[in-house]
Amino acid sequence: MTSARALLDEPAEPHILFVEDDAVIRDTVRIALQRYGFTVSTAADGLTGLELFRSAHPDLLLLDVMLPELDGIGLCRRIREFSLAPILMVTARGDDLDMISGLEAGADDYVVKPCESAVLVARIRSLLRRASFTSVREEPVREEGGTARAGTPGGARGAGGAGGEERAGAADGRGVLAFGDLTIDTCGMEVRRAGELVALTPTELRLLLVFAASPGVVLERRTLLRKVWDHAWDGDARVVDLHVKRLRAKIDAERIETVRGFGYKLRR
């Protein structure tokens with residue numbers, strides 16, 4: 001039977017897959033997330049979680065690091081082989097190795113347990129916003145004098161030089177930014193290097209767009225946390241460092257420069 005939600009063409013509730021071997025934690029988190037309006041599936045081990053992910057196609061994966069059969073780090077790596085869906089890792093308090101391993105394996109963010117439900121939901125919603133942002137296409141923004149320039153969710157937009165001459169990072173009429181052999185289609189949300197499509201996670205894409213909005217400008221880690229991760233508090237700067245490392249590996253290690261003691265900048 002067709003649901004009322006479907007008849008009204010309302011968006012479905014976000015589907016979360018939670019992989020956790022502790023039954024009490026699994027049920028507690030499931031109930032809490034359902035109260036916030038999420039649809040939640042659960043799995044007690046990594047292999048079952050992998051099978052459920054393949055069959056259910058959840059909007060976000062929430063997983064513990066310590067899992068039987070296939071641990072959270074291994075599961076994260078396996079999923080990144082075929083999916084760019086947001087992944088939020090749950091790590092033990094004070095276990096930096098788990099956090100670093102999870103982010104290097106492809107996780108977008110992490111929370112430390114025990115974690116308040118409101119904090120967990122805020123992190124989940126932030127990741128879901130980031131994922132939906134990659135499919136948004138904005139119309140060209142009109143400047144004074146009627147000239148069109150490409151607008152992007154991250155504010156990544158360029159302008160041609162005097163006399164129509166293009167410069168690095170300038171957007172063409174289709175909203176494509178160019179930095180050497182790296183091109184960013186701000187309308188189609190595609191990144192190419194030397195013509196080859198680069199697969200970026202929503203977090204990596206948003207990070208690149210924030211850099212592209214201000215080429216040559218040094219951005220502090222705190223600024224990147226706020227703009228990319230929606231962290232209003234002083235979050236862990238290592239999240240930024242590890243994502244920059246992953247982004248560099250995909251677009252060219254020389255493209256993003258480290259300015260020691262300050263942050264990072266995108267080379268023009």
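Two strands pair if DSSP finds at least two bridges between them. Strands (E, at least two residues) and helices (H or I, at least four) are DSSP runs, numbered from the N terminus. This is a predicted model, in which local features need pLDDT of at least 70 and side-chain atom pairs count only at pLDDT 80 or more, while totals for chains, interfaces and linings use all residues. Residues are numbered from 1 along each chain as its sequence is written, and side-chain values use heavy atoms, with hydrogens and water left out.

**Exercise 1. The parallel sheet**

Task: In what order do the five strands of the open sheet stand, and which strands are at its edges?

Solution:
- Start with the order. It reads β2-β1-β3-β4-β5, with parallel pairing.
- Go to the edges. β2 (39–43) and β5 (109–113) each have a single partner strand, so one side of each is left without a neighbour in the sheet.
- Add the twist. From one strand to the next it averages 20°.
- Zoom in on one pair. β1 (residues 15–19) and β3 (residues 60–64) run parallel and are joined by four bridges. Ile16 stands opposite Leu60 in β3.
- Place a helix. α5 (residues 96–105) packs on the sheet and touches β4 (87–92) and β5, where contact means heavy atoms within 4.5 Å. The direction of α5 makes about 165° with that of β4. Axes are lines fitted to C-alpha atoms, for helices over the stretch in contact, and angles run from 0 to 180 degrees between N-to-C directions.

**Exercise 2. Helix α5 and its surroundings**

Task: Which residues of α5 are buried, and what covers them?

Solution:
- Fix the term. Buried means under 20% relative accessible area, exposed over 50%, and partly exposed in between (1.4 Å probe, protein chains only).
- List the residues. Asp98, Met99, Ser101, Gly102, Leu103 and Ala105 are buried.
- Find the cover. It includes α4 (72–80), β4, β5 and α9.
- Step past the helix end. Gly106 follows α5 and has a positive phi, near 125°.

**Exercise 3. Two helix pairs**

Task: At what angle do α5 and α9 cross, and at what angle do α3 and α4 pack?

Solution:
- Take α5 and α9 (residues 237–251). Their axes come within 9 Å and cross at roughly 30°. That makes α5 roughly parallel to α9. Angles under 35 degrees count as roughly parallel, over 145 as roughly antiparallel, 65 to 115 as roughly perpendicular and the rest as oblique.
- Give the hand. The crossing of α5 and α9 is right-handed. A crossing is right-handed if the near helix is turned clockwise from the far one by less than a right angle, and left-handed if anticlockwise.
- Name the contact. α5 brings Asp96, Met99, Ile100, Leu103 and Glu104, and α9 brings Arg238, Val239, Leu242, His243, Lys245 and Arg246.
- Sort by class. This contact of α5 with α9 has five nonpolar, one polar and five charged residues. Ala, Val, Leu, Ile, Met, Phe, Trp, Tyr, Cys and Pro count as nonpolar, Asp, Glu, Lys and Arg as charged, and the others, Gly among them, as polar.
- Turn to α3 (residues 46–56) and α4. Their axes lie 10 Å apart, at an angle of about 25°. That makes α3 roughly parallel to α4. The crossing is right-handed.
- Name this contact. Gly46, Leu50 and Phe53 in α3 meet Leu75, Arg78 and Ile79 in α4. The classes are four nonpolar, one polar and one charged.

**Exercise 4. The antiparallel sheet**

Task: Which strands form the open sheet of three, and where does α9 touch the sheet?

Solution:
- Read the order. It is β12-β14-β13, with antiparallel pairing.
- Mark the edges. β12 (219–220) and β13 (256–259) stand there, each with a single partner strand.
- Check a pair. Four bridges join β13 to β14 (residues 263–266). Glu257 has Lys265 in β14 as its bridge partner.
- Set the helix. α9 packs on the sheet, touching β13 and β14, and its direction makes about 145° with that of β13.

**Exercise 5. Strand β9 and a loop**

Task: Which residues of β9 lie on the covered face, and is Met189 buried or exposed?

Solution:
- Recall the rule. In a regular strand the side chains alternate between the two faces of the sheet.
- Apply it. In β9 (residues 182–185), Leu182 and Ile184 form the covered face, and Thr183 and Asp185 the uncovered one.
- Move to the loop. Met189 is found between β9 and β10. Met189 is buried, with a relative accessible area of 10%.
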